Structure formats: structure tokens, C-alpha cells
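This briefing is intended for a reader meeting the structure for the first time. Please keep the sequence and the model in view while reading the points below.

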Amino acid sequence: MIRKSVKIIAFFLILSLLLLRFHQVFRFKFNDGIYGLEQFYEEDENSLDAIFFGSSHMYVNVNTSVLWAEYGIAGYDLGGSEQPIWNSYYYVKEALKTQKPSVLVLDCFTACRTGDYVDESRIIKNTYGMKLSRDKIDAVKASSPESGRLGYLLEYPTYHGRYGDLSRSDYRRFADTDFIWSNTWKGQYLHTSAYNQPQPEPEEVTETAKLDEINEAYLRGIIELAQEAGIPILLMVVPYVADAEETMCYNRISEIAKEYGEGVDFVNFNPHCEAIGLDFSLDYADPCHMNYRGSEKFTRYLAEYLKARYELADHRGEAAYRSYDSMAQYYGRFVYNDQIRKTAELPDYLAKLWIPDYVTVFFVKGDYKNMSNYNEVRDLLAGYGISLDEAGGDAVWVLRDGTLLFASGGDAEYCWHQEVGRYDVLTVQSEQGESPEITPRVLLNDSPYSKVNDGLNILTYDLMGEGLVECAGFAIVDGTMEMGKR
Amino acid sequence: MLFNSIDFMIFFPVVVGVYFLIPRKARYLWLLFASYYFYMSWNPKYALLIACSTLVTYVSGRLLDHLRKALPSAEGLIYQKWVVAACLAVNLGILIFFKYSDFILNNLNHILSVLGAAPVQRRFDILLPVGISFYTFQALGYTVDVYRGTVEAEKNLFRYALFVSFFPQLVAGPIERSGNLISQLNHVEEIQLWDYERITGGAVLMLWGLFQKMVIADRAAVLVDTVYNHYWLYGSIELILATVLFAVQIYCDFASYSMIAVGAARIMGIRLMENFDTPYFARSVKEFWRRWHISLSSWFRDYLYIPLGGSRCSKLRYYGNLMITFLVSGLWHGASWSFVAWGGLHGVYQVIGDRLGPVKRRIEDRLNVNRDCFSYRLGQVLVTFGLVNFAWVFFRAASLKEAFGILGRIVTRWNPWVLSDQSLYRLGLDVTEVHILAVSLLVLFLADRVKYKTGKTLDLFLREQVLWFRWLVLFALLFGIIIYGMYGPAFSAAAFIYFQF
């Protein structure tokens, strides 16, 4: 009897561990919803100054790194992709269980949406990050039709079929992306591209339009949650190209805010674009979402607005906010990497590589010895410890912080590899090129990189962000190496 | 509710938990309540039908019992026959009404149109209650058993109602015999609460059943549906593949239901009959029917074939009895001529098998064929499998015309290049899904091979193995279901095929 009992207990113990691992690997790990809330739970209690809620209009455009680095405001972007207002309501409820910030800020874009439930992936993104509680059950009920609710509550019926999509990031706690760094992220989502769109003409719209009944109910619910907690709330509209109908909805939200009086503010920042300095041709990654440059501008403007109206302390220098310092550091590196990618001229490009935490692979291919500007290029590279004169044929050098890690020299065959970051491997090996000559083959993990077959390639790996910055190529054309990047 | 649904995962443990916790005398009542709840989860109105069938057969049983005691003479026998006939008429009438009205009407209108007469209009839609064929046969079997005197008439209406509606086997079998099930239900109070081997054995069977259904059957169904639903787009190879996978699908689908039913009943201390015994290892069609849907084929044997005379008559009559039995069996499976054709084919196989059997043996003796070698037996298995698959085309096709269309394309559209140009990964299942299916088919083959060789079901086989192997298999099955099961929003839980019966 005892043996059987022990066996049963052992069986269920192993089963529990396996189920837990299954859940960890297979569950969804979206960073536009799930991760934001999961990381939020790890923030110290009552440590945040401002919490921002809403859809991607909020978490792409409110830059928590700038809030911290320039104002010392401990902000958190707690939103989800296309987050309906009912999910924002439950997010506010969750936030107020552990935080009492100086201000709550809600972007009202989705308060104006019409229609019923959002698509399945958005239901998942906006509910799966919640800890199991009565509120989570209510959030799922509010978010989904009855037929699928049990699946969303149990979660595994929705994610068990991911066996064909599993990648390295599923076996880690947080996904490998360029802008999620360990636990210092604070919910922001950063774009780098620029979407050229015309600057919108400011339009005076004074009429109001009714909100959907359910949206208004949840909006009022959010306001009342803030009032019950004694926290002021700012309802805002982040600048984007809004049409007249949407503006009429925002006018209605303004009316609702006024009903509640003190402690409830509303600002539509669309008319403030000129004051913010937003250039719609450069500062946006798509019609609604700013790139990081745009988010910096908007966030500075928003921060000034918030500081003028709410009691927001400057926590820079405080030991309890080290994670924010780390975030600012990572953000700085993120911006720097983007600047490198946008640098076109070789001398400027090389100057930017001269910082710690970069592993840089220089590899030259083709007839570079006879290029007309050989001396110029040779002298440029000599400043980085690279001797073109000593190289025999196609050659490769690997440097980190100015220290030469590897040089192919005149070796006929070579193979060098090193782990970079926690999970990546850089490999430099010789291979037979098109000519009888040996040529270098550079791989990051199992992907080969080479921008030009005739010229200089520079591959840069950022150890801080644990990712490839880029592989740049400067081609030899008509016997001369171009100074402009390919 | 389906066995592979979350609802059942909640329902079953609750039922079992209460079953063992309540006073023993109340157990059968609780099971009756749970069974009706289970059945009404499809449609509450179904309860009226099953209750009607239950009442009619219960009353018939009591009447037969009374007549046997009150009028033991020949006159009493005539009255008994009338009771049986009336009971058959009512129950089969209900079955025919719900299941065959459309079929009868469509055929009648076809005849009328040929004769130039106006068609008969359907006045209302008839919804086929799930499982009606199963419980009707089960109840009728009881009536005939009482008439024959092989079982006593059940006096307790509620226990009898439980016999008809016992939820594990209610909607897709096995079709239980009154002698087996009623006697167990009459002693349900005596069942031990805790029997480690009984409970774990039942759980293993349920797990294996779920694996067959959710990993194999539902996955194979994707390819089968893709090809069969647009058969005119495909050639021989795809159609043959889809047919073979349909053989797998219907076997796993149906056997899994029975397996889960047997396992669930076993946990509650009730033994249901085995319904499938590695049918695709059969070496003849006759043997196939001893291994496939055993409860139904034995029901037809005992209540139709033998009363008709069975094989104890002239050859012609014997063949006639065979054909009638299989044609009726085909019709039982579905209200369509293609099902009748399927049944008829199996009848024809057995008639031809019987006629040519002696001829075949003489030829083999002449040629000194070694009938005891592996390759001979393999040949028998493959030929049987081929014949069964040929018949499955009629079972799966939407109509006779479609079945002939498919067979025509198999013969005329030979396209072996699809075996190497990746086409087979574009039939609804991508590379990953095909690999999962292939591995799971290997698992199925191994499990069935063990059963064929040893006669042991998975639970008995595992009981003899060392601990680490047992647990490895159990965890593999469990996580196979959790990870590779076709459920959740990305997949729709395919209903068990035999539910339409």
C-alpha cells in the first residue's frame, strides 16, 4: 500500500514538473501584451511614478527610457496590441493591486473602436499575461465569445499546437528581440524605420460622436478605479493621423472627463504636433506608430506636461531604480546601433565602432591590393590595428575593444570560433572561393554574412544587446573602394 | 459532450468521484442521472426518445415475463411473439423515422419522378438523435433475450433505464448484451472503491483511446477530407493514400471511442465487451468481421443471421442469409445506397470466399504453397486489407456515383511522380504533420501487433513491464495527446464518425 502510494505521488510529481516545463516552452511569449504585464508584476511595490495604459499607440509612442534618463520618472508602458478598453480596465485593476503611482495615463485610441471582440491573437496578448484570479476570469469573459472561453482560460488548448513554431526563444524566459533586454524593458516597443507620410493639416472638429456603449462603460470604469484609488488620471490621444470621426469620439471622451471634474484630465495631443516638433515624414514607422526618434520627441513633451500637473519625483541616482539605469543604458546602445546602421561613409563608420562591447569582424575580399585608394583605406584600418600590408589575399580580422582576437594572416586554412553573448557563436573559417584563392567565410551561428564579394565587409556584434548590429559592405568598383556603404 | 472535450474531462472525474463517495445503494441512480445528463448535453429533447425506447422495452420485458409465467402454453407463446413484434415495430419504427425518413422520401420521389408523378414534400426537418442506432439495438437485444429466456426480465425500471443509457457506451457502443451488463449493474453496490489495478488499467485504456482519436484519427481526417471532398482533382496515389488513411481514421476513431468507453466503465468497476481486436491483422474478410465492431457483428449474428437460418441450411440460403445480414448492416451504418453497397460488398466477399475457398486450397496444394510461412500470412493480411479498403471507398464517398468516380480515377489516373515532388505535403498536412502521423501510425502498429500476438490490451501489457518503461509509455501518450492532439482553436474537435449512427 505504501509502495503504491509512493509510486502514485512520484508519478504525479513528475507529471507536474513535465506539465510545468511544457507550459513554459509552449506558451505564447508575445512582447506586445503578455511580457509587458508579466514583467510588470516583478516591479517593486509602489515604485512606479506613472503607468501608461492602452494599445500600441501608447507603448510604441511613450518612451520609458527618455522618461527616466531625462526626467527621472519611473514610468511603465502597460498595454497590449490593439488592446480593447475592457482589457485596459482589467490591466488598470491589476496595476492598482501593487502600485500607487502619481498618475495613470490612458491612451484612448481603442475607446473609439466599434465592433465586438478582437481577433484571437489579441485576446491572447491582452489576457494571458494576467495572473490567475477572479479578475483574469472576468477579463477573459469580457474579451471572448462564450464558445472559446474555456480554451482561453486554460491557455494550453490555444498554444499546444505550437510544436512547429518553437524556436530558441521559447526555451528562454524572455524573447530575444532587439529591444527586450532581460528585465529592464518597462514595456516600451521601439521602431527604427521611417515611413514617409504627409504632415497632417490640423482640422478643427468640434462635434462629438457617441462611443459604443460597452466602451463608454469600461472607460468610466477605468476613471472610477483611479478615483477610488485616489490617483489622478490623464486620458490622452497620442498624435497620429486621426480622421474626423475619431476626433469626434475624442471630443466625447473630453466631455466624459469633464463630468468627473478634478483628478480626471483629457488631452488630445494631435493639435500639438507642431509644438512637439513631430515630422510625419521622418518620425513615424507607419501611419500610427512613431519610431524611436518620434517617441523621444513626444515623450519629452508629455513629460513636461506631466511634471507641470502631477507630483512626479526625480528618482535618478536612487539604488532602488537600478533597473531603470540599465534600461537607459540599453536604450542608449539601441539608439547608437541604429546610428551606426544609418552611417554611410567609411571613416565615420569606423569611428563609431570604437566602443566597448562590440566584436567586429573585418574581412576583405577580391583585388583590394591593387585598388587606387589602397593607401587611404590601409591607413584608415591601421588605426584599428588592422594591417592590410601583412594580409595575403582575402583576409579576416576579429577585434574586440581594440584587441585583436584573430587574424588570418597568410594562413592557407583557418577556422576560428568564439561564443558571443550567451547564445550566439561567431565563426570565421576559410573556404575555397571562386578563384583558386582561399576566402574567409563569416558566420553568426549558422548564417553566413558577406555584403560584398569584392571589397571590405565589416560585421559588428553587440555584446550588450546580444545581437548583430549589421554586416556592412564597402565595394571595390572600377578599381577603387567606395567610401559609401552598400 | 465528446470524450475528447474539456467538458468530459470535468464531467467524468466528477461522476466517478460522486459515484464512489455516495452510499452504495444510490450508485446506480447516480449513474442513471449522469447518463441522462451526458445524453442531454447534445440535445435535451433526446432524453424523451431514449426514455420512450426504454419504457417500451422495459414494459415488453415485464409483459413477456408475465406471459411466460401466466400462460406457459402455446397460446402464451403467440402472445409473447406479438409483444416482441410490437416492441420491434415501435423501436424500429422510431429508428426508421428518425434515421431513414429522408432516405425513403428521396428514393420515393426518385421513383415518382421516373413515373412522372409529383414528388412528396417534406413537411419538417428531422434531426437524427445521436446514438439512436446503438441504444435501440441494445434495448431490442434485451427484449429478444427475455423472449428467448436467456435473461430474466429486469423488474427495476431505473436499473433497466441505466442499462439502456449507460453513458460510456451510449452513443457509439459497444452494443452491450443484457446478460453481461444488466447483471453487473445489479451488483454495482458491491464494487470496491479502491482497486489500484482496475482504476489504473481503465485510465490507461482511456489514455490510449484519446491518443488514437486525437493524434491519429483526427489528423488522418484532414488529409482524407482534403482528397475525398475534391476527389476529381487528385490521381491514383493521392486517392489510394486517402483511402488507406480513411481505413486508419475510421478504425482509430471508432476503436478509440470503444476503448475510452471500456476504460471509463472499468474505472467504475463495470466490464464492457471488447469491440475491436486488431481487425487489420485479419487474414480473411470473415475473420475481419470477428475482429471489427464485434458488438454489432455479433448482434447481427445472434438476432438476424441465426434466426434467418445462419449457415445451417442450403448453400443458397446460407449465402442469402449472409447477404441480407450484411446489406442490413450496411444500411444500419447510414441511410444511403453507398452504405448499402459497402455492406453488400462485404457480403459478396464472404460468399466468394466461401465458394472459392476449396478451389484456392486445391491450387495451393498443387503448387506446394507453404501456408505456414510468414509471407503467406502477410499476403493474406494484405489481400484482406486491400479488399476492406476497396469497400471503404463506398463507405466514405458521399454517394455511389462519387464512389465509382473515385475508383475510376484510381484506375485511370496513375501518377507516381507525386511521391517525389512534395505534392503529398500539400494535401492538408504539412511536413511536420505528416511526420507526426507517420510516427503515431508506427505506435499504433506496434500496440496492435502486441495485442495480436499476446491477446493483451495495452493496460495488461504495461502491467508486466518494468516501472520506467510503463511510465515512459504513459508520459509519451499523455504528452503526445497534449501536444499533438488535434484540439483547440487551431483545430476543431472532429466528432466521432459513428455518432451519425
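Glu155(A) counts as buried because its relative accessibility is 10%, under the 20% cut-off for that class. This residue is found in the loop between α8 (149-154) and α9 (156-159) of chain A. Although Glu155(A) is not a glycine, it has a positive phi of about 70 degrees. The model is a predicted one, and the points that follow are grouped by topic.

**A further backbone feature in chain A**

- Asn445(A) is likewise not a glycine, and its phi is positive at about 60 degrees.
- The position of Asn445(A) is the loop between β11 (438-444) and β12 (447-449) of chain A.
- Asn445(A) counts as partly exposed because its relative accessibility is 32%, and that class lies between 20% and 50%.

**The sheet of four strands in chain A**

- The strands β9, β10, β11 and β12 of chain A form an open sheet in the order β9-β10-β11-β12, and their pairing is antiparallel.
- At the edges of this sheet are β9 (415-420) and β12 of chain A, each of which pairs on one side only.
- From one strand to the next, the twist averages 30 degrees.
- Within the sheet, strand β10 (residues 424-432) of chain A pairs with β11(A) over seven bridges, in the antiparallel sense.
- Leu426(A) has Leu444(A) of β11(A) standing opposite.
- The loop that holds Asn445(A) links two members of this sheet, since it lies between β11 and β12 of chain A.

**The sheet of six strands in chain A**

- A second open sheet in chain A has six strands in the order β8-β7-β6-β13-β14-β15, again with antiparallel pairing.
- Its edge strands are β8 (403-407) and β15 (480-481) of chain A, and each of them pairs on one side only.
- Helix α14 (residues 322-342) of chain A packs on this sheet, where it touches β6 (358-365), β13 (455-462) and β14 (467-477) of chain A.
- The direction of helix α14 of chain A makes about 15 degrees with that of β14(A).

**The hairpin at one edge of the six-stranded sheet**

- Strand β7 (residues 395-400) of chain A runs antiparallel to β8(A), and four bridges join the two.
- Trp397(A) has Ala407(A) in β8(A) as its bridge partner.
- For Leu399(A), the bridge partner in β8(A) is Leu404(A).
- The two strands β7(A) and β8(A) form a hairpin with two residues between them.
- Asp401(A), in the turn of this hairpin, has a positive phi of about 50 degrees.

**Chain A as a whole**

- The secondary structure of chain A consists of 16 helices and 15 strands.
- Along the principal axes, the C-alpha atoms of chain A fill a box of roughly 80 × 75 × 45 Å.
- Chain A has 486 residues, of which 53% count as buried.
- Among contacts in chain A with a separation of 6 or more, 72% are between residues 24 or more positions apart.
- The area that chain A exposes is about 21100 Å², and carbon and sulfur atoms supply 49% of it.
- Chain A carries 46 positive and 74 negative charges, and the mean positions of these two sets are 8 Å apart.

**Trp471(B) and its contacts with chain A**

- Trp471(B) is part of helix α18 (residues 467-484) of chain B.
- Which residues does Trp471(B) contact, leaving aside its neighbours within four places in sequence? They are Lys7(A), Ala10(A), Phe11(A) and Ile14(A).
- Trp471(B) counts as buried because its relative accessibility is 14%, under the 20% cut-off.
- Between the C-alpha atoms of Trp471(B) and Arg62(B) the distance is 50 Å, and the two residues are 409 residues apart in sequence.

**Thr136(B) within chain B**

- Thr136(B) lies in helix α5 (residues 132-148) of chain B.
- With a relative accessibility of 2%, Thr136(B) counts as buried.
- Apart from residues up to four places away in sequence, Thr136(B) touches Asn91(B) and Leu95(B).

**A cis peptide bond in chain B**

- Gly173(B) and Pro174(B) are joined by a cis peptide bond, with omega about 0 degrees.
- Pro174(B) is placed in the loop between α6 (157-165) and α7 (178-185) of chain B.

Technical notes:
Residues numbered from 1 in each chain as written. Chains lettered and ligands numbered in written order. Predicted model: local features only at pLDDT ≥ 70, side-chain atom pairs only at ≥ 80, totals over all residues. Heavy atoms only, no water. Buried < 20%, exposed > 50% of the residue type's maximum accessible area, 1.4 Å probe, protein only. Contact = heavy atoms within 4.5 Å. Areas by Shrake-Rupley, 256 points an atom, 1.4 Å probe, with all protein chains shown as cover. Lys, Arg positive; Asp, Glu negative; His and termini not counted. Charge placed at Lys NZ, Arg CZ, Asp CG, Glu CD. Pairing = 2+ DSSP bridges. Axes fitted to C-alpha atoms, helices over the stretch in contact; angles between N-to-C directions.
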